[in-house]
Every structure is written in structure tokens, then in C-alpha cells.
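Visitor: Hi, could you walk me through this one?
Guide: Happy to, let's pull it up.

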Amino acid sequence: MTYAAAVALAAGGGLRENCVVVITDGPVIGTAGNTSPTEIELNPVSATELGQTARVHTTFAPEAWPGVYDVVNNTITELRDDFGNTVKDVDAGGATVHTQFPWHLGSSALRDNYVEDSTLIGWDTQVGSLTNNRVIGSTIDLTGKTAGGWNDSQFTGTTVTSGGSFFIASQAIVRGGILQLGSGTATGTVSFTRSELVGMTITRDGSASGTLSVFGSRVTDSTLTQGAGATGGITVTDSEVNGSSALNVDAGSGKQISVSGSDLHGYTVRTQDSGGSGPTLSRGTFFGKPNAVTADSLLVHGINGNGVTVSSSTVDGVSTAGAGQGSIEMNGAASSALIQDADIHNSRITAGPGAGAFQSTGAEYSSAIINALSSTGGRLTINQTSIRSGTINHAAAATGDLSVSWGRIETGGLVELLSGDRGLSVSGTDVLNGIIRQTTVNSASGANSNQVADSFVTGTGRIIFSETAPAGQAGNAVTRSTVKGSSLGGGVDGILTITGTSAFVVADSLDVRGVVTLTDVPSGALSAGTAFHDLHVGPASTLTYTAGDATAKQIRNITVEGLSTVTVTSLTGSAGAGLGDVFGISVRGQSTLTVTGARVAGQPVRDATVEQGSVLNVAASGGVQRVRVAGGATLNTGSFVHFDSEMSLVATKTATAANINRLANKAFDDWI
């Protein structure tokens, strides 16, 4: 019967409870151009009332679909098709279930749906896009879906299960719920584009390969995990990750977390990889958890893979606390790290046991700690990097060298190389109120050397080399550098110190304005490579070289002025014309040059000028040649031997048979 006849029958009390009423002109369903007439089967509940539970026949399917029918308004308020899709609208007077759902498409392109508290089965065969849907408190099965995607849709408290090989969401809002991606075997990408994820748990397991991708989206208080079975990584691009969110890659080959152009705030990034690449952070800002939070902000655990790469980014507040408290860690064998063109603040980076090389280029650190615990030969390289109030620590167990070049260490910054068979190289670096320090115990199997070149040490800046065993030491060299401390002298201003046993010490082309100490212990261990030349010491500076051996030295072309001191002591070896050259020296401005040692008596100090109240001290029985002492200066040599010398001063002089070509100013005495 028609709708009008059914209404009239009910009004007249002619309904029978055991007799089904079929309305042949039910509401037309479907969207424009794709509609279907309906027949509505209803069961009367009394002689005057039809029930709302209906069976709806359409041309879209051979079997009837269950639904809810409002007789008063002649509308369908809820309908479920043969794919298990349930769509409802409680507004009976303006229900759109029958007019806005593309029932004709079935599983190919479902859109404009309101689904609440439903279990949607059969959508796994749908290959089109699911657009402008709102799904609340429901369960969706997409285990067989291989194409299409979610567009302009909202999901709240919903669980979605996929095969792991495919899931694409664009301009979606997902609040709460679980997205389980597993059991699939096909290769494919799981992606969220221009979407918002809040309080979500997304897990990809199974044997699927492919990337879990987040692009142009916001992730808040959510967890994204590539599980142990999956082989793909996680990429986050031009997105924001905040709150208590976490990006996890569990153990598995070839996985990587890549974050670019994104902001991560209070995040966790964790990889446990058995051979893939470590996380890459680029063109973003990464603000970690506060120090009070014990969870890791960034943990890299690469078993055999690479470590972490940070480039063109800012990392702040990852925490300077210990391991497990907001730190960046590399614990995998041979895992490496690259920090490039990045700003690292208030953070701790640890290259754990077995980690490989660590390289920092074009970076800036403040209140940050880089702690290289142990290494299987990995080199710690700091290039074009600025360190303020931070620490770079190459620990005792590490075996790689530490290199610092073309950078800046200031305001309490510390670069420290602890014991081990490796060298420390500093070149083109400014040390301003900072410290570069090496404390090394060498073994016979590990030769190393320490070098400072083209550097500038000023304020309370210090460079310290401390050698405690002779074996394996290849020598220390300080060249083409400036050491500038306080003009008042004293203290530790501008210290450059080399102590202990070294194969040789080279001080070349230095401008010393502070305190420089080079000490050899024990005496006589230095080799032929030791040399002092082309130095400028002053004002109010001190350059000390203690101990030596029987090999010829080159102590030449030194200018000492402005209340400064150069001391060369304990030169060893027998007398001889070819040993221990000390020449080409100017001592002026109330400065002091002292040369002592067993061989000084046989090797002249020559071609020296001592003037303006300065002092030249030569050991007893020492020799001077072509020396000019004038202007109130003092020459202390005991029973000295001098050749071709000029004395313009009041002094006590001892004549010996060896003194030739001597001249004294007759204004003071008439001794010729």
C-alpha cells in the first residue's frame, strides 16, 4: 500500500500486529542523479500504531537493509547498508540519511556520514575516498583497504584497524581512540596530511614495509609507533608535535625517524634499531621536556645503525640531566652523530658505549653538554662551532681523537679530552674565558699528538695539555696563535700550558700576552723536534720552557718586552758549538731573559739585544756572542766568555783570556 493508505489504515484502527505493512512509496534515497525508490516493511505494534523498526528495500542491493523509519514525517532516521555502514540522524523532522548519503556507491566513495557508536565492517573492500564524515565512539575495519583515503573527516574515540600497508588521512581531525595498523604484508605509506591528532595511539606492526608519514599536521598528546614487525620509518614534515606526544621506532632493520620543518615541544623521540639510520632533525625547533620530567626527550638506541643528525634547527631544553632524563643518547655500535648548522641550548647529548664518530659543524651550544663516553675509534670533531657555558667531554674510555677547528669557546665553555690513546687538535679557534683541556695517559700502542694552531686565547681562556706517560707521544705544537691575558700579570689569565712528558714541544709564531708554561718531566726527555722561534712575549707576560736534552734546539727570533719574562732552564747535554742555539733575541722594557743548563757554558747566547732596564741571565761560565747590553740593562754571567760584544752600562766584568773584541764605554771605565 501507499504511505497515505498506511497512515489512513492506522488512523482507522485497522492494523494487525501479526501482519506486516509494506509502504511501496517510501522516501527516495541517494544523492542527485543516483537515487533509488524504497519499500518500507513495518510491523504494527497495535491496531493504531506502526513500529519504527524497518526493513528497507532499494535498487542498490538485492537484500533489504535494516533501518529506523519515522511514520509521522515519512523519513528514514537510521539506515545500515550491506557493507555494515550505519548512518543515523536523530532529527526526524529534517533527517538527511536518505538524501545525503551516496548509497549507490556502496564502498567506493563514502561521504557526508554521521556515524555514532557503530561497528563498521566491510569498509575494507572500499577503494575510494571517505569524505566529510563524523565518526564517534565507533569501530572501523579497514584490513583489506588498499586505496582511497579519509578526507575532511572527524573521528572521536574511534578505533580503526588497518592491514598496515595502507592508511591515508587528509584534513582530518582525530581525537582519542586507537589506530591499529598491523597484520599487513604489502608495501605502502600510512600518512596524515593537514590533519590534527589529539590523544591518539597509532601503532603499526606486522610485516608491512613503508613509511608512517605526518605532513602539515598537529600532533598533541599522541603516540606514533612503528613496531618491531614493521620495517618502515616515521617522517614528520612541516608539522607540530607537542604535549606528551611520542615518536617511537622499535627494533627492526632499516627504520628511521625523520623530522623536518617542524616544531616539537615536550616530545619524545625514541628509536631502537638493528641496522637502519638514526633520527634526522632538520629545519625545525625542538623543545624538550623540563628537567623535572624523567622520561627521555630524545633517545637514539641504534644497535648497528647510525645515530642522530640535527641540521639547521634549534634544540632547547632537552635537559642537561643524566641519562634517562630528557637526554639525547646514542648507544648503538658504530652509530654516528652529526650536528650541523644548529643551535643547541640547555641540552645533554651522550654518545654512549660503542658509539662511532661525532661531528658538529656550524653549530652553537649554550648551557649544553656533549658527553662522548666510549668509542670504537670514532673521532669527535667540532668544526665552526660556538660553545658558551657548555661542555664537550671526550671521556677516558673513548679512543678517537678530538678535533676543534674554526670555532669559539667562551664564557665558561669547556672542551675536555680525558685519558686515552688519542690526540687533541685545536685550530682557528677563539678561546674567550673558556678552557680547552687534555689529560692523557698514553700507551705504547697509541701514538698521538696535541696541536694548537691559528688560535686566539684571551681573558681567562686556557689551553692545557697534560701528558703523564712518554710512550706513544708524538709531540705538542703551538703555532701561529695569540695568548692574551691580563696586563696586570699573575693569576691564570691567558694560560697556555703543556706539562708532562712529550716527544717534543714546538712554540712557533706566537704572540704571548699572558702566561705560557711548557714543562718537560722528567728532564732530558724531549726530542730533537723541540723549538722556540718567532715569538713575541709582552707586555707583562711569561714564557717558560723547563728541561731539555742533548739535542740541538732552536730558540730564536724572540722579542721579549714590557716587563715580560722568558725562561729557558735545565738545558742538558755536553758543551759544543752545535748544541742549543739561543739567538736572534731582543730583551727590552725591564724584561728578563734567563738561559741555564749544563751545555750553556759551551754554546753562546748570541745576536741578542738587552736594553731599557732589562736583564740577561746566563749560567755561570756561559758564553755570549755579538750581544749588546745597554740602557741601564744588566748582564749576569758570572765568569762569562763573550765575543764581539758591546757593554754600555755600569757593571762588574771579569776578564779572561778568551774574551776578545770587547768594548766598554769610557764614560763608565777605561777598560779596553
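Visitor: What share of contacts in the protein chain between residues at least 6 apart in sequence join residues at least 24 apart?
Guide: That share is 38%, with contact meaning heavy atoms within 4.5 Å. Keep in mind that this is a predicted model, where local features need pLDDT of at least 70, side-chain atom pairs count only at pLDDT 80 or more, and totals for chains, interfaces and linings use all residues. Residues are numbered from 1 along each chain as its sequence is written, and side-chain values use heavy atoms, with hydrogens and water left out.

Visitor: Cool. How many helices and strands are in the protein chain?
Guide: Two helices and 69 strands; these are DSSP runs, helices being H or I of at least four residues and strands E of at least two, numbered from the N terminus.

Visitor: And how much of the protein chain is buried?
Guide: Of its 672 residues, 52% are buried, that is, under 20% relative accessible area with a 1.4 Å probe, protein chains only.

Visitor: Which residues touch the most other members of the largest nonpolar core?
Guide: F167, I339, I344, F358, Y365 and F532, out of 100 residues in that core. A nonpolar core here is a set of buried Ala, Val, Leu, Ile, Met, Phe, Trp, Tyr and Cys residues joined through side-chain atoms within 4.5 Å.

Visitor: What does I339 contact, beyond neighbours within four places in sequence?
Guide: Its partners include V310, I349, F358 and Y365. There is also a second, separate core of 19 residues, with W65 and L79 among them.

Key:
Buried < 20%, exposed > 50% of the residue type's maximum accessible area, 1.4 Å probe, protein only.
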